[in-house]
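Thanks for sharing this one. Here are a few notes to read alongside the model.

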Amino acid sequence: MKQETVATKRPMGFWMALALVMGSMIGSGVFLLPASLAPLGWNSLIGWVITVSGALCVASVFGALSKALPKAGGPYAYTRAAFGDGAGFAIAWAYWISMWVGNAAIATAAVSYLSQLFPVVGTHGVSSAVTIAIVWAFTLVNIRGTKLAGQVQIIWTIAKLLPLIAVIGLAAYILTVQGSSVVRSFEVADISMTSISSATILTLWAMLGLELATVPADKVQDPERTINRATLFGTAGAGAIYILVCSAVVLMLPVAITSVSAAPFADFVSVYAGTNAGTAIAAIGAISALGALNGWIMCQAELPAALARDGLFPTFMGRAAANGTPRNAHLFSTSLLTLVILMNSSRTMASMFEFLILLTTAIVLVMYFGCAAAAFRLIQTGILKVSAGFKVILLLAAIYSCWTIYGAGSEALVWGIALLLAGFPVFWLLQLARGSKIAG
């Protein structure tokens, strides 16, 4: 009886948590990023190595924090425990914004690949309508229950992993048969710190989501152990797949094709395996982005609901449906997501995607740095007990976050800071309202 109760209250086991991490990371990045990375050539591979190494350092930090503080809200819970309500709210505010802004980019990527199958989807007006319909469909799935959303995530993750592995095999076969002549030549003169930095910030977009298992911690079984394992294994697995797959597309497909492609992954397969295979990959690209969207939509509601329960967000955001899902938070967050899509409907899908990922990444990097700082503080207070080796990893995670914040560029950084600062008046008003209620 006790085991059934735990499974009911905490429906997410290790495999669901792992699928949430990998499924949310392996989304639009694999299939759309090569177009942005193509002009960078071999710099992109160096950027990938730096990004995956930095992401593993950040994942280790989140794993350690989840052991010490297995609380719902993840980054918010850690920074709040370290620095108080104000810092916790600021990080949560920025992270929450990054979720629904980033979800607009993921949904855009999905529609971009759907347009390869159904050209009418890519026309002006129709693309926005389809994008909005998709995000609301996944919102309704998540409102139906965390267990259902988790099961959908497992199925979707498996569906997109198998073809990715097959493509890695295709690239290996091509290299075996045709040799290195199909690979873009390596020129030392083409390698530059500016290009590597650009590649690092673009590739980091593909790694965002490594922390997602920490957000619904109150719904994860044995969170102290499960979240840590899912975060580390998910980050390492996704990173390895990204390096192999994206490097194959960037380095083995002519830059003239990749850089202007709306579906570079499909074009890669079309060139080496035929048009029919490329069409199938376009469908898989849409499936992949949709699977990532499902996980992110789950967490864009779980985070504000956790804040509302702690009195740092409006009370209505914390109200749950009969099945325990934060229905109001889902409806409100997706409404904001819809506005982002409508506001950017005048941009092309490619330019909209690139701007949104830079903005989202800049905001999330602030959150990563905040969590690294929180870890330092919690070590000082004795809440987080770690080895000397972990402190080195923690320092590397902080340095990596600062470097990639710089690499995001001025436009994304200014927007990120503006949105972060916009949270302080909200926090002040909520605290004022909360004080009035207590006084009354």
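How do the residues of the lining of the second largest cavity divide into nonpolar, polar and charged? Please keep in mind that this is a predicted model.

1. **The cavity lining.** To take the question straight away: the lining of the second largest cavity has 7 nonpolar residues, with no polar and no charged ones. The residues concerned are Val58, Val61, Phe62, Tyr368, Cys371, Ala372 and Ala397.

2. **Where that cavity sits.** The structure holds 2 cavities of 30 Å³ or more, and the volume of the second largest is about 30 Å³. Two helices, α4 (42–68) and α15 (349–381), each give at least two residues to the lining of this second largest cavity.

3. **α4 against α9.** Helix α4 also packs on helix α9 (residues 193–207), at an angle of about 50 degrees and with the axes 8 Å apart. That angle is why α4 counts as oblique to α9. The two helices cross in a right-handed sense.

4. **Who touches whom between α4 and α9.** From α4 come Asn43, Ser44, Ile46, Gly47, Trp48, Ile50, Thr51, Val52 and Ala55, and they meet Ser195, Ile196, Ala199, Thr200, Thr203, Leu204, Ala206 and Met207 of α9. Sorted by class, this contact of α4 with α9 has 10 nonpolar and 7 polar residues, and no charged residues.

5. **α2 against α10.** Helix α2 (residues 14–25) packs on helix α10 (residues 223–252) at an angle of about 35 degrees, and their axes are 8 Å apart. The crossing of α2 and α10 is right-handed. On the α2 side the contact is made by Phe14, Ala17, Leu18, Val21, Met22 and Met25. Among the α10 residues that take part are Arg229, Phe233, Gly234, Ile241 and Tyr242. By class, the contact of α2 with α10 has 11 nonpolar, 5 polar and 1 charged residues.

6. **α5 against α6.** Helix α5 (residues 75–83) and helix α6 (residues 85–117) have axes 7 Å apart and pack at an angle of about 160 degrees. The two are therefore roughly antiparallel to each other. Here too, have a look at the handedness: α5 passes α6 in a right-handed crossing.

7. **The α5 and α6 residues.** In α5, Pro75, Tyr76, Thr79, Arg80 and Phe83 meet Asp85, Ala87, Gly88, Phe89, Ile91, Ala92 and Tyr95 of α6. The residues of this contact of α5 with α6 divide into 8 nonpolar, 2 polar and 2 charged. Arg80 in α5 and Asp85 in α6 are among the contact residues, if you would like a place to begin looking.

Methods. Residues are numbered from 1 along each chain as its sequence is written. This is a predicted model: local features need pLDDT of at least 70, side-chain atom pairs count only at pLDDT 80 or more; totals for chains, interfaces and linings use all residues. Side-chain values use heavy atoms; hydrogens and water are left out. Axes are lines fitted to C-alpha atoms, for helices over the stretch in contact, and angles run from 0 to 180 degrees between N-to-C directions. Helices (H or I, at least four residues) and strands (E, at least two) are DSSP runs, numbered from the N terminus. Angles under 35 degrees count as roughly parallel, over 145 as roughly antiparallel, 65 to 115 as roughly perpendicular and the rest as oblique. A crossing is left-handed if the near helix is turned anticlockwise from the far one by less than a right angle, and right-handed if clockwise. Contact means heavy atoms within 4.5 Å. Ala, Val, Leu, Ile, Met, Phe, Trp, Tyr, Cys and Pro count as nonpolar, Asp, Glu, Lys and Arg as charged, and the others, Gly among them, as polar. On a 1 Å grid over the protein atoms alone, a cavity is a set of points where a 1.4 Å probe fits but cannot get out, and a pocket is an open set with protein on both sides within 12 Å along at least five of seven lines; lining residues have an atom within 4 Å of a point. Grid points are joined across faces, edges and corners, and a volume is the space filled by probe spheres set on the points.
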